[in-house]
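Please look over the sequence and the three-dimensional structure shown here before reading on. The report that follows takes up a loop, two helices, a core and two pockets in turn.

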Amino acid sequence: GIKVDWRRPGPFTTEERAQIARWYGELHGEGNLDLSRFLTFWLKHDEAVFKRYRRLLEASFVSGAPSENVSFLLFLHSYVIEGYEPGVLYEVIGCQRTGVTKKQVIDAISLAYIHAGPMGMNGIASGTDAYLDKWTSEPHYSGQVWPDGWVVDGDVFKSGLDFSSPGMSDDEIAKLGEWYRKNQGEIPSYVPFLAKRNPEALKAFRARYEGAVNTLPKQLIPLMMFHSAAMKQAEGAMRRYAFQAKCYGATKAQLIEAITFLLMYTGDLTSEIMTNAVEDIVAGWD
């Protein structure tokens with residue numbers, strides 16, 4: 001990390017500025033700050049603004065677990081959906097530098113593509129594609145990659161649908177409803193709506209979701225989805241993903257990290273939508 005006292009008033013020291021540039025150049029760039037123009041802008045015009053921003057970011061890490069690559073993946077997922085190409089690229093770089101595999105990064109992008117559509121993917125494809133082409137081997141990483149207890153378990157996302165057959169039988173509709181009740185606490189209203197009016201589209205949509213989550217820890221998936229739901233101010237989705245994160249063994253502190261990371265985007269405008277959505281879940285979470 002960057003060894004800077006973000007609370008100390010006054011300008012950065014020469015060594016602090018060097019540390020900041022080195023961290024962003026290595027973990028958010030290819031040895032330079034081309035992808036972090038927000039950093040160079042504020043270091044030039046008012047470094048105190050950046051210092052306050054970074055203090056908030058550092059305060060977000062509350063779980064005491066290895067979290068840097070987790071934060072990279074949360075923002076990677078959201079940035080794909082938003083079509084923010086520089087952000088996607090620097091989060092991919094950060095993932096690679098902290099032990100996430102290329103396949104895991106591609107699966108995170110695949111999950112995000114469900115909500116990004118062609119518009120979001122076209123927005124991020126060129127620079128990210130070129131970087132992935134250069135990613136031909138996994139670099140050595142000696143640190144702990146995932147928090148304790150995090151495991152890959154693609155089976156928990158399986159709803160029991162037969163994706164080789166068209167449409168949905170009554171039994172499949174019941175299985176899907178049961179999956180949502182068990183894993184997310186409730187059935188989103190679009191599920192029965194589409195089950196009645198276009199069951200093939202519902203099955204095809206579900207195939208995309210279940211096919212994208214087989215290499216990443218199960219605890220990470222709902223946190224990524226929560227992060228993106230909060231960016232979209234989707235209160236119902238945030239509630240379901242918070243429930244799912246708890247169900248899959250993420251800790252309350254890990255959800256709080258995801259929430260406080262988002263303060264840099266929701267701020268005083270929409271943070272209460274996020275906290276209102278999860279207050280009951282967090283209050284009853286040991």
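## A loop residue and its surroundings

Leaving aside neighbours within four places in sequence, Gln233 is in contact with Met238, Thr270 and Ile273. The model in which these contacts are found is a predicted one. Gln233 belongs to the loop between α10 and α11, and its phi is positive, about 60°, although the residue is not a glycine. As background, most residues other than glycine have a negative phi. With a relative accessibility of 42%, Gln233 counts as partly exposed, because that class lies between 20% and 50%. Gln233 and Ala207 stand 26 residues apart in sequence, and their C-alpha atoms are 25 Å apart in space.

## Two helices

The helix that Gln233 follows is α10. How much of α10 is buried? The answer is 12 of its 12 residues, so the helix is largely enclosed by the rest of the structure. Among these buried residues are Leu220, Pro222, Met225, Phe226, His227 and Ser228, and the buried residues of α10 pack against α4, α6, α9, α11, α12 (252-261) and α13. From its first C-alpha to its last, α10 reaches 17 Å, which is close to the 16 Å expected for its 12 residues at 1.5 Å a residue.

One of the helices that α10 packs against, α4, can be checked in a similar way. The 15 residues of α4 should span 21 Å at 1.5 Å a residue, and the C-alpha atoms at its ends are 21 Å apart, so the expected and computed values agree. Helix α4 is mostly covered, with 13 of its 15 residues buried. Just after α4 comes Gly83, which takes a positive phi of about 70°.

Another partner of α10 is α13, and Thr266 is found in that helix. Is Thr266 buried or exposed? Thr266 has a relative accessible area of 5%, and because this is under 20%, the residue counts as buried. When its neighbours within four places in sequence are left aside, Thr266 is in contact with Ala230, Ser271 and Met274; of these, Ala230 is one of the buried residues of α10.

## The nonpolar core

In soluble globular proteins, nonpolar side chains tend to be buried together. Here the largest nonpolar core holds 83 residues, and the members that touch the most others are Ile20, Leu76, Val105, Leu111, Leu220 and Phe226. Helix α6 (residues 102-134) gives the largest share of this core, 10 residues. One residue can serve as an example of the packing: not counting residues up to four places away in sequence, Val105 touches Leu76, Val92, Cys95, Val100, Leu132 and Trp135.

## Two pockets

Rolling a probe the size of a water molecule over the atoms shows where empty space is left. The table sets out the two largest pockets.

| Pocket | Volume | Lining residues | Make-up of the lining |
|---|---|---|---|
| Largest pocket | about 500 Å³ | 24 residues | 17 nonpolar, three polar, four charged |
| Second largest pocket | about 330 Å³ | 20 residues | 13 nonpolar, four polar, three charged |

Which residues lie nearest the centre of the largest pocket? They are Tyr24, Tyr53, Arg54, Leu57 and Met264. Helices α1 (14-27), α2 (37-45), α3 (47-59), α4 (68-82), α5 (85-97) and α13 (263-283) each supply at least two residues of this lining, and α3 gives the most, with six residues.

In the second largest pocket, which has a volume of about 330 Å³, the lining residues closest to the centre are His115, Phe205, Met225, Ala237 and Tyr241. The elements that give two or more residues to this lining are α4, α6, α7 (170-184), α9 (199-211), α10 (220-231) and α11 (235-247).

## A residue ahead of the helices

Arg7 has its place in the segment before α1. At 62% relative accessibility, Arg7 counts as exposed, because this value is over 50%. Arg7 and Tyr53 are 46 residues apart in sequence, yet their C-alpha atoms are 11 Å apart in space, and Tyr53 is one of the residues nearest the centre of the largest pocket.

Definitions and conventions. Residues are numbered from 1 along each chain as its sequence is written. This is a predicted model: local features need pLDDT of at least 70, side-chain atom pairs count only at pLDDT 80 or more; totals for chains, interfaces and linings use all residues. Side-chain values use heavy atoms; hydrogens and water are left out. A nonpolar core is a set of buried Ala, Val, Leu, Ile, Met, Phe, Trp, Tyr and Cys residues joined through side-chain atoms within 4.5 Å. Buried means under 20% relative accessible area, exposed over 50%, partly exposed in between (1.4 Å probe, protein chains only). Helices (H or I, at least four residues) and strands (E, at least two) are DSSP runs, numbered from the N terminus. Contact means heavy atoms within 4.5 Å. On a 1 Å grid over the protein atoms alone, a cavity is a set of points where a 1.4 Å probe fits but cannot get out, and a pocket is an open set with protein on both sides within 12 Å along at least five of seven lines; lining residues have an atom within 4 Å of a point. Grid points are joined across faces, edges and corners, and a volume is the space filled by probe spheres set on the points. Ala, Val, Leu, Ile, Met, Phe, Trp, Tyr, Cys and Pro count as nonpolar, Asp, Glu, Lys and Arg as charged, and the others, Gly among them, as polar. The expected span of a helix is 1.5 Å times one less than its number of residues.
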